[in-house]
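Good morning, colleagues. Please have the sequence and the model open as I speak. I shall go through chain relations, one contact, one helix and the surroundings of a DNA strand.

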4 protein chains.
Amino acid sequence: MAQPTGRATSDGPSPAGATDGRPLRKDAQRTRALVLDAARALFAERGIDVSFDEIARAAGVGVGTVYRRFPDREALVDALFADKIEKLLDLVGQASEVADPWESIVQFVERGTAQMCADRALTEVVMCASDVHEAFARRRDDVTAAVESVLRRAQDAGVVRPGVEATDLAFLAHMVSLAGAHAGKETAERYVALVLDALRARPDVGPLSGRPLSMEDFQEIVQSS
Amino acid sequence: MAQPTGRATSDGPSPAGATDGRPLRKDAQRTRALVLDAARALFAERGIDVSFDEIARAAGVGVGTVYRRFPDREALVDALFADKIEKLLDLVGQASEVADPWESIVQFVERGTAQMCADRALTEVVMCASDVHEAFARRRDDVTAAVESVLRRAQDAGVVRPGVEATDLAFLAHMVSLAGAHAGKETAERYVALVLDALRARPDVGPLSGRPLSMEDFQEIVQSS
Amino acid sequence: MAQPTGRATSDGPSPAGATDGRPLRKDAQRTRALVLDAARALFAERGIDVSFDEIARAAGVGVGTVYRRFPDREALVDALFADKIEKLLDLVGQASEVADPWESIVQFVERGTAQMCADRALTEVVMCASDVHEAFARRRDDVTAAVESVLRRAQDAGVVRPGVEATDLAFLAHMVSLAGAHAGKETAERYVALVLDALRARPDVGPLSGRPLSMEDFQEIVQSS
Amino acid sequence: MAQPTGRATSDGPSPAGATDGRPLRKDAQRTRALVLDAARALFAERGIDVSFDEIARAAGVGVGTVYRRFPDREALVDALFADKIEKLLDLVGQASEVADPWESIVQFVERGTAQMCADRALTEVVMCASDVHEAFARRRDDVTAAVESVLRRAQDAGVVRPGVEATDLAFLAHMVSLAGAHAGKETAERYVALVLDALRARPDVGPLSGRPLSMEDFQEIVQSS
DNA sequence: CATGAATGAGGTTTCATTCAT
DNA sequence: AATGAATGAAACCTCATTCAT
């Protein structure tokens, strides 16, 4: 990851979290970072239903300030998402640079789930951003595109079971993360192995049939956790 | 299932929902059914966090009435659960009577997920009843036992990938249900196929490794949806 | 006491608790007694704010039944009062039969407070009956009259501090009971002694001055506990 | 007393009711005063069991506001209590400065009861503050200490009946206040006279016997009104 | 801008009371 | 007569949200 953890916060795509063109004032940026960090910590610890008051308290600012930056919970989640999606992008980027097409899938699933397991809120947050900010939407589309390209490469190489789509990959990774977030790394690994086996092309199984998940359905599922 | 959906309510094990020996009065039974139906519908539609007020409104009764029958959310969920677990038991029972060991797994996964997909709350509810009522706990253990026996039989016959445990089956079924509940039957079928493939013994894959889910972890996962 | 404790209940003035002329049916009498006993016990144990539902449960009858007999809390308290006032009457009667006028005051205060200390609810209940039932009111007036006669006799004999009135006696007794109910018999005795000293005529103190309590004020005080 | 009743509110020890260092904002101070005044009035009129909703309504603010300032009833009572205990302290202080030991008792009883009679809630509140705030507890202990010293001085001078303890004084004053609160000043004076007579040492009466009230019992009694 | 005070709707729960069975 | 089911008002409390300071 390019972004060192420990910095106040990572301001991914739009460097200072501004909605319009101008970047935020320095102190405002700081405040924004404080709120994001507090929210991230609380979400990770207690799930997504933390009151704004509490976030404000944890961040050491007034509620009003939180509202000024994030008009509603969704906006806050979106902002957090900005973070996460950068990480994922990084990850997919790295995965796609792996020479071996199958290995590249393996890396994506392994690292993606590892990351999601580590932060319980991440599992709740990734892929859930509403499309309010085009910047975010674009980023998400980048991820999707990257996943799709990784997948296509693998399929062209004939190492992935035919019919597998990007949403399949995403959904299976999500489910593994769910298990891993509750039961720990070793269990995640159990299901990573299972999932990879299931995705791998085999001479004796035909293409995956049935209606694949739409991206929207997938987002719904993730949102409902 | 014997119980046609659409009837006012299904009175599974204790026909009139009475806690003590006596059955409820006729009118009380009707009210109870109204509440259960309303709760079922709302839970199915919006998850388990519906307010009692709203349930009462939907059922066309006063809040107090809901509280009279179901002192807390758990009691209500349990009551709904009574229904569901009977259905599941039925199902597992039928599955275990199938002669072919693999077919018996197939049936369990197919029918179990089909049922869960039909009702979004079912996915939230099955396996989550607190152990307050031993009756329920016993039933749940019955289901677990049945699943385990189906699984063991299949494993003895060598048709299931070695190392697979009951919680794996349960978790994968849950996962499929989640997808199916959001995206519909055909998507569920897609993942049923995938899951069955993943569970089936193959000459070229070794035993499933890594730490399996404990029953408790599984219940936690289901509870968090 | 004429009424042996342990009997279902004592039906003082109007032998069967009937509002109109006719006595209650046998079973109705039994029910009434059950309710009264339950109420008495619960009031004694937890104060006067017990729900009717709970009284009904303790009595082993339906709430409706309680309401049939006692339209509201006051009626119930009144009925209990019937009991108590009989006991008090007994007591004052016995006290007034004592030959020595001062001794007769002593007995009244000692026994009256002893009785009130024993039952925490009694302290809450005695003297609080609304005047709905003339029968009760009459009985209460009987007690008052008896107290007054005991007092007058003592005053005529010059053994009581001049100016002392019946409400003074009542109020001081109530006060002692309050202490005794919380701190036990021995503390009650401490204040009985103090009060008797304060009431006794002495050569060196003049008549009690200031406005005496009206009976109504006294009842208010007792009601507010 | 320095604090004229009738002012918006009296800010006893901590001038602006702030919990931490900083004083409350101006508008918040005003609101707090409104709530306190409303609470004081309602408590005085109807006892301590007034609903927060009603207090809010009377104060002309939202319920949430009341809760913001006073998280629970105790906090509210404590805040009122802060006021009262200061007044009492004042009073005891003044009483203890009186040269004549007996006169000093007289003053304490007379003024203490006078104050309590004026406000029905005061009778419920004084001495009942939980020990959550050491500040209050300390103040209460100050009062107790002062009473004890006044009493000891009187006893050393031989003007008080031997065996009388601080709790006796407190309890008797409380009872007088109860009477006075209901029946008015003149009746209070009647009982003040009686009580003082009872407490005064006399050649012809021995020491007060029996178990004295413990401070805890006394507090219980006061709490139960 | 930042603050945190104020608001009130909405959730939970209990109970007095009525009324169909 | 007895029952207990049903009701809804009312208390309690929390929070999302707005707005004066």
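By what turn and what shift along the axis can chain C be laid on chain D? Let me say at the outset that this is a predicted model. A turn of 177 degrees, with a shift of 0.1 Å along the axis, lays chain C on chain D, and the RMSD is 0.9 Å. That is the relation of a two-fold axis. Both copies use the same surface, in that 100% of the contact residues of chain C recur in chain D.

I turn now to chains A and B. Their contact draws 26 residues from chain B and 26 residues from chain A. On the side of chain B that touches chain A, at least two residues come from each of helix 8 (166-183), helix 9 (185-199) and helix 10 (215-223). Helix 9 of chain B gives the most to that side, namely eight residues. Sorted by class, this side of chain B comprises 13 nonpolar, six polar and seven charged residues.

Next, a single helix. Helix 4 of chain D, residues 73-97, has 25 residues. From its first C-alpha to its last it reaches 36 Å, close to the 36 Å expected at 1.5 Å a residue. Helix 4 of chain D nevertheless bends by about 30 degrees at D:Phe81.

Finally, the DNA. Which of the 36 residues around DNA strand F come nearest? They are B:Thr31, B:Val61 and B:Gly64, together with C:Gly62 and C:Gly64. The surface near DNA strand F divides into twelve nonpolar, twelve polar and twelve charged residues.

Note on methods: Residues are numbered from 1 along each chain as its sequence is written. Chains are lettered from A and ligands numbered from 1 in the order in which they are written. This is a predicted model: local features need pLDDT of at least 70, side-chain atom pairs count only at pLDDT 80 or more; totals for chains, interfaces and linings use all residues. Helices (H or I, at least four residues) and strands (E, at least two) are DSSP runs, numbered from the N terminus. The expected span of a helix is 1.5 Å times one less than its number of residues. The bend at a residue is the angle between axes fitted to the seven residues ending there and the seven starting there. Copies are superposed by least squares on the C-alpha atoms of residues with pLDDT of at least 70 in both. Two residues are in contact if their C-beta atoms, placed from the backbone, lie within 7 Å. Ala, Val, Leu, Ile, Met, Phe, Trp, Tyr, Cys and Pro count as nonpolar, Asp, Glu, Lys and Arg as charged, and the others, Gly among them, as polar. A residue is near a molecule or strand if its C-beta atom, placed from the backbone, lies within 6 Å of it.
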